[in-house]
Amino acid sequence: MTNSTNKQINKSASKNILITGGAGFIGSHVIRLFVEKYSNYHIYNLDKLTYAGNLENLNDVASNKNYTFLKGDITDETYINSIFNKYKFDAVIHLAAESHVDRSITNPLEFVKTNVIGTMVLLNAFKNLWKNNFKNKLFYHVSTDEVYGSLGETGLFTETTSYDPNSPYSASKASSDHFVRAYGETYKMPYVISNCSNNYGANQFPEKLIPLFINNILHNKSLPVYGDGKYTRDWLYVIDHAIAIDLVFHKGKNSETYNIGGFNEWQNIVLIKLLCDKMDEKLEKPIGTSQKLITFIKDRPGHDLRYAIDASKINKELGWTPSVTFEEGLTKTIDWYLDNNKWLNNIVSGNYKKYYERMYDVQ
Ligand code: NAD
Ligand code: DAU
């Protein structure tokens, strides 16, 4: 690893910051935080608007003076080079990715194109722009805990856990992490990487467990639990992830990795039953109604048993800790989906229906 000097991104200086994937779930929360908090930064949101990108996520900040949306594909080298030359981005916070494990099993190549090639195109553009002087510049790569593979019943992922990805998605993210590190070593390009656990919250596309199940409960559809449901994930409220990204961006050390997690492990089936009961309460149905929709189905191939993050480094070094409990975060999330029926219906009335039928073998 390269020397871990403090890179000192100066908060008071004006800057052009490129955030990729800002129309997606986590990206939209990061954009909002940066646009509202740092009026001296100009935030450029680059997004291809794939099925997962939705500009409605950013209606409230779209007309801010320090915000610009750029529609484009991170794999399009000509376009990416042109915007780097035009806007001279001081820093990149890279979130754009294909992010759903199940889709990576159906279409792995798409994940290599976006997650690996797309990251490479951005790295090259950044390197070529600043190679003569990287002072006060930073490439921040947002990654996942899935690169570490699967834990058994015990143990936690730390920043030094060996990479051992099991799905095409996690393999593509692992590969992109390696390239970011390699650019740091080879070209002395300043970078940070964070590897986060499962996020939940407002604006998450209803292909992921929590919003998918909320939507199915609302439509009285079965709740497809993979395998025996005894898989475990560590859940983090998305706004706490955005806050962690802000901290790592400004205070993280050059060439370092930070693990981010919720200290919040749940076995899928236990979480699903809790979600069912909370939905019954909100919808004023007898407790137990939604649990009747639970259906165990064929397991996800290569399903990782357990993820759990040791977030003590970011806690000790940067003072980060989750700000909401799971109970609070889940309630806020359910309330958001109930209050934003239009957002959800716009999604599920489009191509989503075809995806759902293919994925869950619905006739
Ligand atoms: P998401 O799928 O909701 O959003 C991804 C965004 O990237 C979308 O707006 C999409 O339009 C855009 N995008 C996709 N391909 C693109 C391309 N070729 N060019 C430009 N834009 C493109 O994803 P998310 O859940 O918000 O995840 C964001 C990042 O965080 C990803 O890198 C993911 O690996 C990482 N991550 C996610 C989680 C999680 O639980 N969701 C946890 C840890 C890390
Ligand atoms: O750990 C971080 C990762 O978390 C991120 O990098 C990924 O982008 C994000 O999608 C998420 O990956 P998972 O595969 O853990 O999330 P997902 O919501 O797809 O599934 C969570 C758990 O629920 C997992 O054990 C599979 C299970 N599941 C999921 C779906 C969609 C079901 O049992 N049924 C389902 O229909």
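# Ligand 1 and two buried residues

User: Which residues are closest to ligand 1 in this predicted model?

Analyst: The shell around ligand 1 has 28 residues, and the closest are I26, D47, S99, Y169 and K173. A residue is near a molecule if one of its heavy atoms lies within 4 Å of it. This is a predicted model, where local features need pLDDT of at least 70, side-chain atom pairs count only at pLDDT 80 or more, and totals for chains, interfaces and linings use all residues. Residues are numbered from 1 along each chain as its sequence is written, chains are lettered from A and ligands numbered from 1 in the order in which they are written, and side-chain values use heavy atoms, with hydrogens and water left out.

User: What lies 2.7 Å from an oxygen atom of ligand 1?

Analyst: An N or O atom in the side chain of S99 does. A polar contact is a pair of N or O atoms within 3.5 Å; within protein, one must be able to donate a hydrogen and the other to accept it, and residues adjacent in sequence count only if both atoms are side-chain atoms. A backbone N or O atom of I74 lies 3.0 Å from a nitrogen atom of ligand 1.

User: How much of ligand 1 does the protein bury?

Analyst: Alone, ligand 1 exposes 840 Å², and the protein buries 96% of that. The areas come from the Shrake-Rupley method with a 1.4 Å probe; for residues, only the protein chains shown count as cover.

User: Which element gives the most to the shell?

Analyst: β5 does, with three residues.

User: Why is N203 called buried?

Analyst: Its relative accessible area is 7%, so N203 is buried. Buried means under 20% relative accessible area, exposed over 50%, and partly exposed in between (1.4 Å probe, protein chains only).

User: Where is N203, and which side chains make polar contacts with its side chain?

Analyst: N203 sits in the loop between β7 (198-200) and α6 (209-218). Helices (H or I, at least four residues) and strands (E, at least two) are DSSP runs, numbered from the N terminus. The side chain of N203 has a polar contact of 3.0 Å with that of N57 and one of 3.4 Å with that of H29.

User: What makes L70 buried or exposed?

Analyst: The relative accessible area of L70 is 8%, therefore L70 is buried. L70 lies in strand β3 (residues 67-71). Not counting residues up to four places away in sequence, L70 touches residues including Y44, L46 and F89; contact means heavy atoms within 4.5 Å.
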